[in-house]
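Let's take a short walk through this model together, stopping at a few loop residues along the way. Keep the sequence and the 3D view open as you read.

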Amino acid sequence: MDRFEAVETTGESQVGGWVQTTDGVRLWVEIRGTGRPVILLHGWTMSSLFWRRQAQLADACQVVTIDFRGHGRSQTTPRGHNVPRYALDVREVITALGLVRALLLGWSMGGSVALEYWRRFGADRLAGLGLVETGPYPMSPAPWNVHKCHGHNEEAMREDLSAMKADRRGFAERFVNAMFLPGHAPEHALKWMVAEQLKAAPDTAAAIYEDYARRDYTPVLPSVSLPALVLYGRSLHMCYGPSTGRFVAASLPDSRFVILDKSGHMPFYEQPEEFNRTVSGFLDTLDA
């Protein structure tokens with residue numbers, strides 16, 4: 001871990017600090033626990049704080065969270081806001097920390113980053129892949145895709161980005177509320193989640209959204225030779241839900257498909273005990 005600059009230590013097994021990328025951007029990384037690494041990748045305009053209810057996983061493994069460039073506590077930068085660069089950033093964190101045989105688990109946009117990692121680096125340093133509420137191609141015209149950009153709907157994307165720039169806070173509140181199954185967030189969650197969403201500058205958010213929405217990872221899915229955990233909620237108000245999950249799971253050669261039907265776009269937050277139990281069980285199969 002010679003390229004990791006530790007700056008915050010909590011107890012004996014939790015540390016936060018910086019990894020500087022090869023293009024000079026400082027990424028915020030937190031490490032909890034010891035054992036097999038589980039690397040958690042957040043979604044669009046989110047941050048590693050969204051994984052706070054996964055802290056208990058550190059009782060049995062090493063939980064690593066990363067704030068993508070321009071998100072959370074990572075450095076704000078005008079460059080590199082595309083899925084391949086984000087995947088390279090993940091690679092540089094993994095090598096900086098010396099991680100091996102990790103489970104790389106991505107939520108929503110983070111799932112595309114995980115698939116891009118696989119496309120570029122294969123199974124190197126990984127033992128498994130996890131996809132949580134991931135849409136492998138948000139603009140796909142296929143029936144499984146329920147994203148608002150379905151069918152190459154560029155206008156829907158432009159409307160979203162215009163609404164975000166016109167009323168940043170209002171957009172963030174609507175976005176966060178839509179991620180919960182009832183269509184509204186608990187008040188305690190809404191406040192901090194909106195604050196995290198607002199940390200991503202509008203230009204950053206627009207750049208990575210446009211890149212992510214147009215990238216098609218459906219051809220990558222059949223190439224994944226690692227065991228994969230595919231975990232979705234019901235997502236009544238926001239992508240992606242069971243239809244996407246079934247397609248993703250069926251496209252992967254070796255997958256375990258789980259639906260947590262009492263949650264929306266954030267099953268790890270709305271049903272944390274079930275989510276963590278599912279991840280722990282999947283990790284046990286990697287060790288078998």
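**Three loop residues**

A polar contact of 2.9 Å joins the side chains of R69 and D23; the term covers a pair of N or O atoms within 3.5 Å, where within protein one must be able to donate a hydrogen and the other to accept it, and residues adjacent in sequence count only if both atoms are side-chain atoms. The side chain of R69 also has a polar atom 3.2 Å from the backbone oxygen of R79. Before we go on, please note that this is a predicted model, in which local features need pLDDT of at least 70 and side-chain atom pairs count only at pLDDT 80 or more, while totals for chains, interfaces and linings use all residues. Residues are numbered from 1 along each chain as its sequence is written, and side-chain values use heavy atoms, with hydrogens and water left out.

Where does R69 sit? You will find R69 in the loop between β5 (62-66) and α1 (83-97); helices (H or I, at least four residues) and strands (E, at least two) are DSSP runs, numbered from the N terminus. R69 has a relative accessible area of 0%, so this residue is buried (buried means under 20% relative accessible area, exposed over 50%, partly exposed in between, with a 1.4 Å probe and protein chains only).

Next, turn to S108, in the loop between β6 (102-107) and α2 (109-121). Although S108 is not a glycine, its phi is positive, at about 55°. With a relative accessible area of 8%, S108 is buried.

Our last stop is H152, in the loop between β7 (126-132) and α3 (154-166). H152, a residue other than glycine, has a positive phi near 60°. Its relative accessibility is 45%, so H152 counts as partly exposed.
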